[in-house]
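Q: Please take a close look at the largest nonpolar core of this structure, and then set out how the two chains meet.

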Amino acid sequence: MLFPTTVFALFFSVVFFLHWGLVPFPRLRKWTLLGASLFFYGYWSWKFALMLAVSGVLNHGAAVWITRTERERTRKHLIAWAVAANLLVLAVFKYTGFLFARLAVPLAVPLCARLGTTEQLIGLQEQVLPFIEKIVLPVGISFYTFQALSYVVDVYRRHTPAAASTLDFVNYLAFFPQLVAGPIVRAAGLLPQMAVFPGWSARLDTGRAATLILGGLFKKMVIANWLAEHLADPVFAMPEEYGAVDTVLGVYAYAVQIYCDFSAYSDIAIGCALLLGFHFPINFHAPYFAVTLQEFWRRWHISLSTWLRDYLYIPLGGSREGTMRTRWNLLVTFVLGGLWHGAGWTFVLWGTYHGVYLSLERMARRLCGLPEKPPEHTPLGWAVLGRVWIFQVVCFAWILFRAQNMAAVGGILRGLGDWGRASVLFSGTAVLVLGIGFLMQFMDGNRPRRVWDAVNRWPLWVQAGVAAVLLTLILGVGPEGVAPFIYFQF
Amino acid sequence: MSDTRDKTGGTPAGTGVPVRQACFCVGVFFVLMLLFNGVAMYKSAKLLEYGRVRDLWLKVLHPVEQVSRLSGLFYVRQAAQDTVGKSLNHASVKKGGKE
């Protein structure tokens, strides 16, 4: 079920009134929310909804077992099994094809040629590939698997207690606003909210929720869809058709598109959760205003970068064990972060590029005697230069991220050198839409707090009327139909 | 511009509206949304693949479409579609043959 659709609007209206209407019946209310979340997910595939529920039950079972076990060795075995089981499910659905076709077979080809068993290899491929092609990637599996992993690991580390009941935990894991594309909300933040649902005495920040939902719909339906259709998709589909100006435009368009698309999902998710009385942390904080790449990762997909920091980078040793080890840890973290996004060499390269650049950036700052973190207020000139530079660095990485394969990456890079060809994509509308998309970053974080507070002070019927008119205008200005969110594929 | 404080995005105490009022607000919003978009929703339901789902949607949305048309509120969306929407979504690209 996609957010910007009639089906979701009707679904959410029913869930909203049921959720608040059932306040006197707390247990029924929890079951209703779980039913709604599973319906939301099962609308696409009931089999995967069942798998999600089973994953929730098993992870909670493991967490309870870990909590009740006194012996450290048994606890270690249990957490190892829980982590391995989660990663195995993710690997089967997401990486089987990559591991077999892109890694194992290319490695086996020279070996089989030497042993004279090439025919057997071809036969094996013919048997295995049809089976692999049948594997369908469940939407959002990367997100909820990471949530489940953070829960069992936090319980093991005694950072958070196990959920009071399986129902609370499955509600946390399957909560529909953030189920398929995040934010990856930690158990410590959301589980206590799932244990005791907000009652009628709660106050709902309708101003903030409306701004987030409408802003998100505008970013997705108007900006991201337009940029994809008119600039990014054509350039990445046929890079050989375009010269340098169009290629640059296409890459910039993709940078703004992915920001508008993904941050839109997070905003709508946060807004919907707010209307149900739940609070999520923010996931984007004006990422293209970052002065360093390190800062970019503190502002982009914050819930994933903090997850990778807490459950991968720091356990590997973080920056505590010397310069070389720190660089290695950064590289491993970002390569795995790249693989989390997709099973392909382009994603591995994307992660490697970020890891290597971050290592070089740390080294350069140390050599120049600069602090590791940029100061809160950088002089304006340096800040502008830094922002422009980091935007180019990130855009270059988006080429690896967006291209279907290495041949497409080559095509884009060749296009960037072709300054002789006239532009066919450049137009005033393109610049305007790109500019508006870029400026939408001013809506991130708590910057529009004054707007939310002002909206909250309006009479309720005015709030509702203005929101309905704005939604109608967004739907009218946007194209017919809506493409799925980019992060659904991860 | 580089303010990275307060990343929780939580609601400060005392802000927002009481739940009952919020329910009223959301209810009014949904009614208005249906009035503004009833005709367009019915039209897009017509584009669905023939079958039970399409029939169900058409049955559900028919009264909504009627009220939306009678109230005249559907003009808001139609005006947005015919002006900005049309020029934005159907703007042809210069030579290169892509629409």
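A: A nonpolar core is here a set of buried Ala, Val, Leu, Ile, Met, Phe, Trp, Tyr and Cys residues that are joined through C-beta atoms within 7 Å. In this predicted model, the largest such core holds 155 residues, and A:Val152 and A:Leu227 are the members that touch the most others. The helix α10(A) provides the largest share of this core, 20 residues. Because domain 1 (6–195) and domain 2 (206–477) of chain A both contribute residues, the core lies between them.

The surroundings of A:Val152 can be described further. When its neighbours within four places in sequence are left aside, A:Val152 is in contact with A:Asn59, A:Ala62, A:Ala63, A:Ile66, A:Ile79, A:Ala82 and A:Val83.

The meeting of the two chains comes next. Here 50 residues of chain A are in contact with 43 residues of chain B. On the side of chain A that touches chain B, at least two residues each come from α1 (6–21), β1 (203–204), α9 (206–237), α10 (244–275), α18 (449–457) and α19 (460–477). Of these, α19(A) gives the most, with 14 residues. Sorted by class, this side of chain A comprises 30 nonpolar, 14 polar and 6 charged residues.

The helix α10(A) thus appears twice, as the source of the largest share of the core and as a contributor to the side that touches chain B. The strand β1(A) also takes part in pairing between the chains: 2 bridges join it to strand β1 (residues 17–18) of chain B, and the two strands run antiparallel. Within this pairing, A:Arg203 has B:Pro18 of β1(B) as its bridge partner.

Technical notes:
Residues are numbered from 1 along each chain as its sequence is written. Chains are lettered from A and ligands numbered from 1 in the order in which they are written. This is a predicted model: local features need pLDDT of at least 70, side-chain atom pairs count only at pLDDT 80 or more; totals for chains, interfaces and linings use all residues. Two residues are in contact if their C-beta atoms, placed from the backbone, lie within 7 Å. Helices (H or I, at least four residues) and strands (E, at least two) are DSSP runs, numbered from the N terminus. Ala, Val, Leu, Ile, Met, Phe, Trp, Tyr, Cys and Pro count as nonpolar, Asp, Glu, Lys and Arg as charged, and the others, Gly among them, as polar. Two strands pair if DSSP finds at least two bridges between them. A residue is buried if 20 or more other C-beta atoms lie within 10 Å of its own, exposed if 12 or fewer, and partly exposed in between; C-beta atoms are placed from the backbone. Domain bounds come from an automatic or database domain assignment.
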